[in-house]
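Ready for a few warm-up exercises? Have a look at the picture first, then work through the tasks below.

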Amino acid sequence: MSENAKIILDGETHEFPIVVGTENEKAIDISKLRGATGYITLDYGFKNTGSTSSAITFLDGEKGILRYRGYPIEQLAEHAEFLEVAYLVIYGELPTKPQYEKFKTDIVRHTLVHEDMKHFLEAYPRGAHPMGIAASMVCSLSTFYPESQDTNREAEAVNLTIIRLLAKLPTIAAWSHKNSLRHPFVYPQNKYSYTENFMHMMFSMPTEESTPDPIVSKALNKLLILHADHEQNCSASTVRIVGSSHANLYASVAAGVTALWGPLHGGANQAVIEMLEAIKADGGDVDKWIDKAKDKDDTFRLMGFGHRVYKNFDPRATIIKKAADDVLDALGIDDPVLDIAKKLEKVALEDEYFVKRGLYPNVDFYSGIIYRAIGIPTEMFTVMFALGRLPGWIGQWKEMRENNEPIGRPRQVYTGSNKRDYVSIEKR
Ligand code: CMC
């Protein structure tokens with residue numbers, strides 16, 4: 001293979017280096033393209049554009065492979081704890097026992113949020129969407145820890161921000177739920193694991209502590225691991241681009257939370273359950289909804305289906321589908337929407353429209369069914385995704401800063417009016 005790519009523009013040949021990743025992924029490095037030729041590339045939605053090189057996550061959409069730092073997602077989801085995976089994603093290696101103990105202790109020590117932050121929570125209207133609350137609360141952390149705004153601090157100081165964020169997001173998330181019910185907040189307890197503590201703050205009352213169910217805790221652990229990172233997706237790219245202006249970690253992650261909120265990204269998990277409920281309420285005629293999804297005049301899409309990168313199957317969906325069966329069995333729950341989901345999947349997988357376009361269930365198709373079974377309200381589903389994705393956002397931000405990457409600033413092709421002169425309002 002030649003070492004350079006050749007591009008012929010206006011009759012002149014220009015050479016650009018080819019970059020090959022550790023898994024043989026190939027790219028043409030066009031960083032000098034504009035300087036050399038005056039041209040830029042145009043790629044709506046960055047479908048063919050690598051915005052960076054990264055050592056965190058490898059995924060092969062054709063083969064359905066997903067690995068964090070080289071470890072297959074199947075092994076991590078089966079054997080690891082979420083905080084172990086968080087450590088792996090953020091710092092690059094699985095922790096040793098002493099490293100892990102210290103990491104967990106550091107996190108437990110920072111789970112409380114400042115009492116003044118409760119005032120913000122109380123000011124939100126009843127029923128405020130918890131993603132809106134989570135994004136603003138995460139950003140607000142930067143005002144309570146103003147030293148975080150200096151992102152050129154030494155690694156140890158940056159690390160404290162990382163620990164605080166990991167420790168406080170479950171508290172913020174659970175409290176946003178309590179607040180939407182206008183129930184009193186439940187404080188974290190050091191005796192609980194990360195997932196147990198979250199369930200405790202979600203479901204205990206100050207007057208009555210509900211013991212976290214190990215089945216629920218295990219299911220949650222798995223779901224969080226499956227969401228921990230997914231390379232340069234919409235929210236991770238947002239975090240990196242915001243952070244590239246040297247905005248602090250809290251502000252950068254808050255931007256990631258808002259990017260995740262949309263129904264084409266993390267918001268799909270809420271949209272899936274709403275869709276399944278709508279199909280159930282409509283009599284359960286799956287074919288009718290498949291036809292709607294195929295109809296180009298209808299804006300309806302099969303939520304939880306399709307992916308920018310996965311074109312054969314999403315390995316996370318395979319694990320989640322099995323976990324949904326296991327959790328519902330273990331908890332003795334019979335959820336009719338699980339049957340509708342399976343019917344929908346079966347019909348879609350045999351339908352030429354979906355096969356031709358490589359549309360398969362994604363991570364969000366079955367996750368909501370598990371969240372529901374373990375008592376998480378629908379509006380909290382995307383917050384659950386955010387809890388899981390937090391290590392990924394942190395890892396992506398950290399890598400980008402450590403690589404000293406330049407500010408993210410794409411170009412455009414201008415298609416507006418040519419120069420024209422201002423006309424006073426009386427003459428228009
Ligand atoms: N239902 C019906 N048709 C679809 C769907 C769907 N869910 N997804 C894609 N298509 C069609 C689309 O209309 C297009 O058809 P055509 O070629 O005839 O114009 C073709 O498939 C390609 O779709 P696209 O929108 O160009 O693909 P994309 O890579 O830009 O979008 C996606 C990927 C995930 C946004 C899209 O598949 C989608 O909207 N899915 C539903 C929302 C969803 O489940 N999102 C969660 C993604 S996984 C969680 C995460 O990491 O964010």
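Here are three exercises, each with a worked solution.

This is a predicted model, where local features need pLDDT of at least 70 and side-chain atom pairs count only at pLDDT 80 or more, while totals for chains, interfaces and linings use all residues. Residues are numbered from 1 along each chain as its sequence is written, and side-chain values use heavy atoms, with hydrogens and water left out.

**Exercise 1.** Work out how helix H3 and helix H4 pack.

Start by finding H3 at residues 82–91 and H4 at residues 97–108; helices here are DSSP runs of H or I with at least four residues, numbered from the N terminus. Next, take the axes, which are lines fitted to C-alpha atoms over the stretch in contact, with angles from 0 to 180 degrees between N-to-C directions. They sit 11 Å apart at an angle of about 100°. H3 and H4 are therefore roughly perpendicular (65 to 115 degrees). Last, look for the contact (heavy atoms within 4.5 Å): H3 brings residues including Leu-83 and Tyr-87, and H4 brings residues including Phe-103 and Ile-107.

**Exercise 2.** Do likewise for helix H15 and helix H17.

H15 covers residues 336–350 and H17 covers residues 363–373. Their axes come within 10 Å and cross at roughly 170°. That makes H15 roughly antiparallel to H17 (over 145 degrees). Among the residues that meet are Leu-338 and Ala-341 in H15, and Phe-365 and Ile-369 in H17.

**Exercise 3.** Find what holds company with the ligand: which residues are the closest?

Of the 22 residues around the ligand, the closest are His-265, Arg-301, Leu-302, Gly-304 and Arg-308; a residue counts if one of its heavy atoms lies within 4 Å. Now zoom in on single atoms. A polar side-chain atom of Arg-301 is 2.7 Å from a ligand oxygen. A polar backbone atom of Leu-302 is 2.7 Å from a ligand nitrogen.

Technical notes:
Helix = DSSP H or I, 4+ residues; strand = E, 2+ residues; numbered from the N terminus. Parallel < 35°, antiparallel > 145°, perpendicular 65-115°, else oblique. Polar contact = N/O pair within 3.5 Å; in protein donor to acceptor, adjacent residues only side chain to side chain.
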